[in-house]
Amino acid sequence: MSGAMDASQAWLAEMFSLSGKVALVTGSRAGLGRAMAAGLARAGAEVVLHGHHDDLGETEAEIARAGGRSRRWVADLLEVGALGARIDDLLAQTRVDILVNNAATFIREPALELTFERWREVQTVNLDAAWLLCQRTGALMVERGAGKVINVGSMVSLQGGVNRSAYTAAKHALVGLTKALSNEWAPSGVQVNAVLPGYFRTGRDSPAFTDPVTQARVPSGRFGEPQDIVGSVVFLASRAADYITGHQLIVDGGWYAR
Ligand SMILES: NC(=O)c1ccc[n+]([C@@H]2O[C@H](COP(=O)([O-])OP(=O)(O)OC[C@H]3O[C@@H](n4cnc5c(N)ncnc54)[C@H](OP(=O)(O)O)[C@@H]3O)[C@@H](O)[C@H]2O)c1
């Protein structure tokens, strides 16, 4: 009995282990990115932490305390003209087996007041940079015949939202990009998926978090905590998800189904 138990535990561990893999998580200084980076490290991956400033110490320390390994990569995703070369520099130093496009900027503003510059800023960070990261890391994944890309969308990848047209457009596009790349790269053994978080308590300020009506609309009865996103990302990064591609995994406590 204990032999069978050991074998089934080993099988389970093997299925979800990321040992020997390198994961790049953009925007991993805090919030969901930090939780994802720490979770991937706990599953065995070496994690490349990314921020637009060199202030990744807290995430780094959390990973080290859990016995994991990380390195830093600093790049401002708004500086998109220089980004291709920055990504190539990183890829010259390390392989990336798992790319998590998590970094994003958020603007809450009615469309009639939004300037074109602010619109472009959101598209640049949330979409253009994500595309460049997919393209550069994806090229090497396709060459190796293996890799995982996980794009972090939102409920407004599916819904319109209110007073966030730039963010909604970028998050819809990110899901479109996910499907398009999945179609192109699936034959090469590279899976491209999206995770769509509902309401999560991070540093990001939202009136929803102080609104009991919004909270009551979440069937699970609470907003998400960063830890709640981790399983979805580890799963999609693992060999357990090798036949899942082009998918949008909603992690929202039941919000969208309601
Ligand atoms: N929290 C939610 O309820 C929620 C809901 C739906 C979707 N999401 C999505 O989940 C992801 C993480 O959200 P979060 O709540 O953890 O957000 P967050 O705390 O605002 O984190 C966003 C990350 O993006 C990075 N970033 C922004 N602009 C950048 C730039 N120009 N260059 C480089 N990095 C940049 C930030 O870096 P710094 O730390 O250096 O500022 C930060 O680490 C995002 O894609 C977001 O759209 C979140």
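Two residues are in contact here if their C-beta atoms, placed from the backbone, lie within 7 Å. With that in mind, let us walk through this predicted model, beginning at one residue of a long-range meeting point.

## Thr-124 and the bend in α5

Thr-124 sits in helix α5. Leaving aside residues up to four places away in sequence, Thr-124 touches Leu-78, Val-80 and Ala-129. Val-80 is 44 residues away along the chain, yet the C-alpha atoms of Val-80 and Thr-124 are separated by 7.0 Å. Is Thr-124 buried or exposed? The answer falls in between: Thr-124 is partly exposed, with 19 other C-beta atoms within 10 Å, and a residue needs 20 or more to be called buried.

Thr-124 also marks a change of direction, since α5 bends by about 40 degrees there. The helix as a whole covers residues 116-144, and its 29 residues reach 40 Å from first C-alpha to last, close to the 42 Å expected at 1.5 Å a residue.

Several residues of α5 are buried, including Val-122, Val-125, Asn-126, Leu-127, Ala-129, Ala-130 and Leu-133. Further along the helix, Cys-134, Thr-137, Gly-138 and Met-141 are buried as well. An α-helix has 3.6 residues a turn, so residues three or four places apart point the same way. The cover over the buried residues of α5 comes from both helices and strands, among them α4 (80-93), α6 (165-185), β1 (22-25) and β5 (147-152). After α5 comes Gly-145, which has a positive phi near 80 degrees.

## The whole fold

Stepping back, the protein has eight helices and seven strands. Its radius of gyration is 18 Å, close to the 18 Å that the globule rule gives for 258 residues, so the protein is as compact as a globular protein of that length. The C-alpha trace spans about 65 × 45 × 40 Å along its principal axes. Buried residues account for 40% of the 258 residues. Among contacts with a separation of 6 or more, 73% join residues 24 or more positions apart.

## The sheet

How are the seven strands arranged? They form an open sheet with parallel pairing, in the order β3-β2-β1-β4-β5-β6-β7. At the edges stand β3 (69-74) and β7 (248-251), each with a single partner strand, so one side of each is left without a neighbour in the sheet. On average, neighbouring strands are turned by 20 degrees against each other, direction ignored.

Strand β2 (residues 46-51) is a good place to look inside. Six bridges join β2 to β3 in the parallel sense, and Gly-51 stands opposite Val-74 of β3. With β1, β2 pairs over four bridges, also parallel; there, Ala-23 has Val-47 of β2 as its bridge partner. Six of the six residues of β2 are buried, so the strand is largely enclosed by the rest of the structure. Both of its faces are covered, with Glu-46, Val-48 and His-50 buried on one side and Val-47, Leu-49 and Gly-51 buried on the other.

## Helices against the sheet

Two of the helices that meet the sheet can be set side by side:

| Helix | Residues | Strands touched | Direction |
|---|---|---|---|
| α2 | 31-42 | β1, β2, β3, β4 and β6 | about 175 degrees to β1 |
| α8 | 227-237 | β1, β4, β5, β6 and β7 | about 170 degrees to β6 |

For α2, the end C-alpha atoms are 17 Å apart, which agrees with the 16 Å that its 12 residues should span at 1.5 Å a residue. Why call α2 largely enclosed? Because 10 of its 12 residues are buried. They include Leu-32, Arg-34, Met-36 and Leu-40. Just after α2, Gly-44 takes a positive phi of about 115 degrees.

## An unusual backbone angle

Most residues other than glycine have a negative phi. Asn-163 is an exception worth finding on your screen: its phi is positive, near 60 degrees. Asn-163 lies in the loop between β5 and α6, and it is partly exposed, with 14 other C-beta atoms within 10 Å.

Key: Residues are numbered from 1 along each chain as its sequence is written. This is a predicted model: local features need pLDDT of at least 70, side-chain atom pairs count only at pLDDT 80 or more; totals for chains, interfaces and linings use all residues. Helices (H or I, at least four residues) and strands (E, at least two) are DSSP runs, numbered from the N terminus. The radius of gyration is taken over C-alpha atoms; the globule rule is 2.2 Å times the number of residues to the power 0.38. The expected span of a helix is 1.5 Å times one less than its number of residues. The bend at a residue is the angle between axes fitted to the seven residues ending there and the seven starting there. Two strands pair if DSSP finds at least two bridges between them. Axes are lines fitted to C-alpha atoms, for helices over the stretch in contact, and angles run from 0 to 180 degrees between N-to-C directions.
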